[in-house]
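Got the viewer open? Keep the selection box handy, and we'll walk through the fold a few picks at a time.

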Amino acid sequence: MNKNCLQLKRVLCVILLMASVCASAAYKLPRVAPTSVGIEPKQLTLLYDSLLTSDLTELHHLMVVVDGKVAGEIHPAPFKASDKHTLYSVSKTFTAVAVGLAVEDGLLSVEDELAKFFPKYASTIKGIKIKDVLTMRSGFKTNGGMRNSQLDWVDYYLNRPLVAAPGTKYSYDSIETYLLAAVVQQVTGKDVLTLLNERVFFPMGIDDVEWEKCPKGIITGGWGIYMTAEAQAMFGQLLLQKGKWNGRQLVSEQWVDEMLTVRVVRKAANDYGYQIWLCEYPGAWRADGAYGQYIIIVPQKNMVVVLNQCSRSKGWPERGNIWNTVVKHGKGCAIEAEPDELDSLAKYEATASLPLLKGDAENALAKKYNGKEFKLSKNKLGWKSIKFNFEKNKITLDVVDAEGKKSAIAMGYNEWLMSQLAGYPHYSISAKGRFTGIAGPFYTGACYAWNEDNTLTAKIHYTNWITSLKLDFKFNEKGGLQIEILENFSKKPFTIDVK
């Protein structure tokens, strides 16, 4: 077999292996060997390693797209490519596109005053223009916490005095983007998601996006969009292509250019356009969400990178690793790989896993506690009671929540076991009406290990959300139990009292 045939065989094998990463995923972007678009396999390996071995983050999904083709992706177990993910403030960039559609239709102008749409509050919001809201310069004092206590967010937010002249002071607040969603719904008669579905998502073949709503039924705008990594990559590609998809202009090129223009000059890598951030890498932009959700657009390399994770690092290390591997070293043309590099990379991607817990499979106290129910004090997980069922290399944790819904969470020893929740996952946001608009069902991937001092440690990932929990169940010979829990988005554990 000559060298060219051997190389072709390797490429075909790699494509087949990449397809096996998640057989259930309905892929819409073509998959190619990274070398065909100028990325060395070792650079992807370095990037994967940097994320999977970091103590500062928990990797859920990563996709690298070059020339509209997926050159590398990893969805470490228990996550799958088909899992949707909540994106926090990445949502803002989608809302800005919806604003652009209303502008294109002549229903809205960035020069319009906010009072035009909310005349009831004209005396307090006079002078605020849509462009001021798009750039977080309305003049309101930041008050994102009001969403946790108020039912009418528009009324509460707009019925306050300004603390700065409109257009003069940048002050980031997700409720500003919520106001944009409210305006779009008012002028189009459709909520932001319905509008994007009809004009953008459905024409692109994206048909499973969800978005949280406020208690009044308005899309939250500044957070709450819920979609797969591939759908995110397609959206990034749409912006990279100036709003065009398969020869059809879905979003006006002029509006995309306006979005990707610096409007607010801030510190390095934090200049702001219309609901999108300028990146460290020259000419690159990013949709940016809490705990490290990114859609990164790099026009210079015709590249889009999607990263979903739960990071406590504020993003700098992860973004730096992206720049220093696939972006910096992207060649921009087809290259050759060393023998077996592509095979090794494909195997890495197909078998990657988040760390499993270390410890023992069994403990002498298991028999004593098997089937015993523990009533819990009021807690932020919303768990009312728990019960353990012990089997060989498997523990099932029966959880009854405050609404009386029962979930049986299976936990494997040295493996992730999947389960379906009866209710909702734990969430860092406490907004009124949270999860409204998100249908579910939700799933967990969990493992366990027994450690010294009769402590059962469990790791529970909510695999189509963002949250994970590390739980230490500390049993004692007298029948007592202490529970300590660490959320992946928090640095400090909390305890739950057992009644």
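The tour goes from a helix to a set of strands and ends in a pocket. One thing before you click: this is a predicted model.

**Stop 1: helix α3**

Select residues 91–104, which make up helix α3. From the first C-alpha to the last, these 14 residues reach 20 Å, close to the 20 Å expected at 1.5 Å a residue. Now switch on a surface for everything else. α3 is mostly covered, with 12 of its 14 residues buried. The buried residues run from Ser-91, Lys-92 and Thr-93 at the start, and they include Phe-94, Val-97, Val-99 and Leu-101 as well. Then step just past the end of the helix to Gly-106, where phi is positive, at about 75 degrees.

**Stop 2: strand β18**

Next, pick residues 455–462, strand β18. Eight of its eight residues are buried, so the strand is largely enclosed by the rest of the structure. In a regular strand, side chains alternate between the two faces of the sheet. Try colouring the two sides separately: Thr-455, Thr-457, Lys-459 and His-461 sit on one, while Leu-456, Ala-458, Ile-460 and Tyr-462 sit on the other. Both faces are covered.

**Stop 3: the partners of β18**

Add residues 443–451 to get strand β17, which runs antiparallel to β18 and is joined to it by eight bridges. Which residue stands opposite Thr-455? Zoom in and you'll find Asn-451 there. The hairpin of β17 and β18 has three residues between the strands, and in it Asp-453 takes a positive phi near 65 degrees.

Now add residues 468–475, strand β19. β19 pairs with β18 in the antiparallel sense too, over seven bridges. For a landmark, find Leu-456 and look across to its bridge partner in β19, Phe-473. These two strands, β18 and β19, also form a hairpin, with five residues between them.

**Stop 4: the largest pocket**

Clear the selection and head for the largest pocket, which holds about 600 Å³ of space. To centre your view, select Tyr-172, Asp-288, Gly-289, Ala-290 and Tyr-291, the closest to the pocket's centre of the 26 residues that line it.

Which elements each supply at least two residues of the lining? Highlight β9 (285–289) and α11 (316–327) to see them. β9 gives the largest share, three residues. Finally, colour the lining by class: nine residues are nonpolar, 11 are polar and six are charged.

Definitions and conventions
Residues are numbered from 1 along each chain as its sequence is written. This is a predicted model: local features need pLDDT of at least 70, side-chain atom pairs count only at pLDDT 80 or more; totals for chains, interfaces and linings use all residues. Side-chain values use heavy atoms; hydrogens and water are left out. Helices (H or I, at least four residues) and strands (E, at least two) are DSSP runs, numbered from the N terminus. The expected span of a helix is 1.5 Å times one less than its number of residues. Buried means under 20% relative accessible area, exposed over 50%, partly exposed in between (1.4 Å probe, protein chains only). Two strands pair if DSSP finds at least two bridges between them. On a 1 Å grid over the protein atoms alone, a cavity is a set of points where a 1.4 Å probe fits but cannot get out, and a pocket is an open set with protein on both sides within 12 Å along at least five of seven lines; lining residues have an atom within 4 Å of a point. Grid points are joined across faces, edges and corners, and a volume is the space filled by probe spheres set on the points. Ala, Val, Leu, Ile, Met, Phe, Trp, Tyr, Cys and Pro count as nonpolar, Asp, Glu, Lys and Arg as charged, and the others, Gly among them, as polar.
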